[in-house]
Amino acid sequence: MREHVNDPYVQLAKKEGWRSRAAFKLMEIDDKDHLIRTGDVVVDLGAAPGGWSQVAARRVGEKGRVFALDVLEMQGIGGVEFIQGDFREDEVLNQFENLVGDRKAALVMSDMAPNMSGVTLVDRARGMYLAELALEFAKAHLKPDGAFLVKVFQGTDYDNFVKAMRDSFVSVATRKPKASRDRSAELYLLGKNLRT
């Protein structure tokens with residue numbers, strides 16, 4: 001808890017009005033890779049509390065659309081359409097598809113993490129399962145030249161997931177933003193341009 005409270009990114013997020021320190025991770029990756037452009041459609045899976053959605057909404061501007069999905073509640077954010085529910089369920093998926101219409105996403109992003117049990121092996125396996133679900137969603141909803149950014153944890157099934165990413169995208173890169181804690185096993189994988 002003390003580490004969290006004293007974290008410079010947590011303090012900066014409070015000061016600048018971001019909902020979470022994760023906002024800085026996305027900003028750093030986007031500044032480097034130019035994933036979010038004005039007018040884009042962006043989907044944020046596992047969006048709560050909304051730090052990534054805030055960043056995306058600012059960067060797509062008024063002509064863009066940001067869709068945030070999460071099983072948890074999330075306070076409204078200007079320029080973000082929030083759907084509460086599990087994106088694996090037909091009802092939630094239909095709601096999303098009705099809102100997005102025939103437009104495909106330029107970016108699908110997932111900063112999802114499981115509820116931590118404290119058992120590293122279990123937590124990493126659950127995290128990888130969420131990444132796999134997000135990848136399947138991305139393949140169904142991305143534009144051909146779209147991008148997919150996903151949080152993963154090194155460990156169980158990491159190499160298999162990287163292979164699945166390489167099978168799905170023309171280019172796959174690893175990102176470890178400065179706002180990611182050094183001791184954390186989290187990494188972000190970035191896939192660009194769907195293989196057809």
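Hi everyone, let me start with what I mean by a pocket: on a 1 Å grid over the protein atoms alone, a pocket is an open set of points with protein on both sides within 12 Å along at least five of seven lines, and its lining residues have an atom within 4 Å of a point. Grid points are joined across faces, edges and corners, and the volume is the space filled by probe spheres set on the points.

This is a predicted model, where local features need pLDDT of at least 70 and side-chain atom pairs count only at pLDDT 80 or more, while totals for chains, interfaces and linings use all residues. Residues are numbered from 1 along each chain as its sequence is written, and side-chain values use heavy atoms, leaving out hydrogens and water.

So, the pocket. The largest one holds about 1,200 Å³ of space. Its lining has 44 residues, and those closest to the centre are Ala48, Asp111, Met112, Ala113 and Lys151. By class, 21 lining residues are nonpolar, eight are polar and 15 are charged. (Here Ala, Val, Leu, Ile, Met, Phe, Trp, Tyr, Cys and Pro count as nonpolar, Asp, Glu, Lys and Arg as charged, and the others, Gly among them, as polar.)

Now to the charges. The whole structure has ten salt bridges, each being a side-chain nitrogen of Lys or Arg within 4 Å of a carboxyl oxygen of Asp or Glu. Lys151 pairs with Glu186 at 3.5 Å, N to O. Glu186 lies in strand β7 and Lys151 in strand β5, so this pair ties together parts 35 residues apart in sequence. Strands are DSSP runs of E with at least two residues, helices are runs of H or I with at least four, and both are numbered from the N terminus. Are these two partners buried or exposed? Glu186 is buried at 6% relative accessibility, and Lys151 is buried at 10%. For the cut-offs, buried means under 20% relative accessible area, exposed over 50%, and partly exposed in between, with a 1.4 Å probe and protein chains only. Both residues also belong to a salt-bridge network with Lys25 and Asp111.

Next, Asp30 and Arg59, whose closest N and O atoms are 2.7 Å apart. Asp30 sits in helix α3 and Arg59 in helix α4, so the bridge ties together parts 29 residues apart in sequence. Asp30 is buried at 4%, whereas Arg59 is partly exposed at 24%. As for α4, eight of its ten residues are buried, including Trp52 and Val60.

That's my tour, thanks!

Notes:
On a 1 Å grid over the protein atoms alone, a cavity is a set of points where a 1.4 Å probe fits but cannot get out, and a pocket is an open set with protein on both sides within 12 Å along at least five of seven lines; lining residues have an atom within 4 Å of a point.
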